[in-house]
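Below are my comments on the model, set out as numbered points. They take up charged pairs and a surface patch in turn.

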Amino acid sequence: MTTETKPPTAAAYRNLVTATIGFTLTFWAWDLIAPIASWYGDRLDLSSFQQSLLVAVPVLVGSVGRIPAGALTDKYGAKLMFPLVSALTIVPVLLLIVVKDSYGLLLVVGFLLGLGGTTFAIGIPLVNSWFPPAKRGLALGVFGMGMGGVALSGYFTPRIAEHGENLPFIVVAIALAAYAVLAALLITDRPDRPVPTASLATRLGSAARLRVTWELSALYAIGFGGIVAFGVYLPTYLKTWYELDPTDAGTKAAGFALVTVVFRPIGGWLSDRIHPALVTAVALGTVALLAVVQAFDPALNPGGTIALLVMAAGLGTASGSVFALVSQVTPQAKVGSVTGIVGAMGGLGGFLPPLVMGAIYSAKGSYSIGFMLLSDLALAGCVYAYGRMRGIRPGGETRDPEPTKVSATSP
């Protein structure tokens, strides 16, 4: 039985669980501002666009930061990168306490807070290396459940803040510190993982020259970008349009995020059995349909709730299936670099919609145009995934010309 067909080991599952916990905590930190954005808005008298910018800045930085994070993980391994990034994220989390009365400084700290969003590109190559191809879709989907940190933030952050405005940041900082120690002890890189010897720029350039990198990036920008956009902007949307109080809006937004978390491994599991491009097409087609429904501003109960939750299921499924496709067509030594680029595009896909939604609402007093734009993008992704991406075979579009070496031990 070859390495590629052996069942996953206990070490594989240990790394999967540890990485998923870390992804969850760092995503909670990454999303700390969004659930209490309206509180900052009232405190600092911010416009709708200013609030949107405040919640979008960490998304932008966390997205772009995945590119070097993924490439560095290829080189140095997740054993170093996971605890390091988790520990460094503590700094901006605590700085949010200091700068709460200055919008300009909040934007600066939000920039630094984006570091928490980079762990996605650290965990994907780790999990991918430990699981055989037949199990990778589900394993990557399980790891992707760590985006449930957004749901945890949406539910718990405003509630913890009711007991002290600084308390959420202290709680998250302590959790990150504890996890950094845990990760240093429990995460291990696979001993035989290929380690690239080329420079960072060369590896990123090699990944960027692959056509499939950008095709996957576009699909992930719609799927995961939609999740991020809703995660950071849904509380504001529910508060503004449906006139919910911040706690209730945060709770419902957490429910949306929870559905995306549940359906991400389902997307990966389906992709182990059906071509992931087909799974992606069906999921994005569903999103396109329900976005049109929400554009007509149905009452929140039950119409709006059903539309938003079904969109959440579609976006979660698409996110899982796209990365199942990444694992199929990317050489192991390039998974981190390709993941970094694809993950960055997914995060950037979540950066623009909150700004667009805020700007449209400020100008037109309606969110309908924004939902119609989402429908158009999802439909385009559906058609492209079905028409083009079904033709991709495992390993069929990539070669690995760059030199690699095999590490004898974990870094």
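**Notes on salt bridges and a nonpolar patch**

1. In this structure, a salt bridge joins the side chains of Arg-43 and Asp-101, with an N to O distance of 2.6 Å. The two partners come from distant parts of the chain, since Arg-43 belongs to helix α2 (residues 37-44) while Asp-101 sits in the loop between α5 and α6, 58 residues apart. Please keep in mind throughout that this is a predicted model.

2. The two ends of that pair fall into separate accessibility classes. Arg-43 has a relative accessibility of 34% and therefore counts as partly exposed, whereas Asp-101, with a relative accessible area of 52%, is classed as exposed, because the exposed class begins over 50%.

3. The contact between Arg-43 and Asp-101 should be read in its wider setting, for a network of salt bridges links Arg-43, Lys-100, Asp-101 and Glu-165. For the whole structure, the search returns six salt bridges.

4. Another of the charged pairs is found within a single helix: the side chains of Arg-211 and Glu-215 form a salt bridge at 2.8 Å, N to O. Both residues belong to helix α12 (residues 211-241), where they are four residues apart, or about one turn of the helix. Glu-215 has a relative accessible area of 5% and is therefore buried, the limit for that class being under 20%.

5. Asp-248 and Lys-252 also make a salt bridge through their side chains, here at 3.1 Å, N to O. Because they are four residues apart in helix α13 (residues 246-271), about one helical turn separates them. Asp-248 is partly exposed, its relative accessible area being 26%, and Lys-252, at 32% relative accessibility, likewise counts as partly exposed.

6. Turning from charged to nonpolar side chains, a surface patch is formed by Val-91, Leu-95, Val-98, Leu-105, Val-108, Phe-111 and Leu-112, which together have about 630 Å² of accessible area. Helices α5 (78-98) and α6 (103-113) each contribute at least two residues to the nonpolar patch, and the greatest contribution, four residues, is that of α6.

7. Which helix holds Phe-111, a member of the patch? Phe-111 is in helix α6, and with a relative accessibility of 48% it counts as partly exposed. Phe-111 can therefore belong to the patch without being classed as exposed, because patch residues need over 30% relative accessible area, whereas the exposed class requires over 50%.

Terms used: Residues are numbered from 1 along each chain as its sequence is written. This is a predicted model: local features need pLDDT of at least 70, side-chain atom pairs count only at pLDDT 80 or more; totals for chains, interfaces and linings use all residues. Side-chain values use heavy atoms; hydrogens and water are left out. Patches are made of residues with over 30% relative accessible area and no salt bridge: like charges are joined within 9 Å, nonpolar side chains (Val, Leu, Ile, Met, Phe, Trp, Tyr) within 5 Å. Accessible areas come from the Shrake-Rupley method with a 1.4 Å probe; for residues, only the protein chains shown count as cover. A salt bridge is a side-chain nitrogen of Lys or Arg within 4 Å of a carboxyl oxygen of Asp or Glu. Buried means under 20% relative accessible area, exposed over 50%, partly exposed in between (1.4 Å probe, protein chains only).
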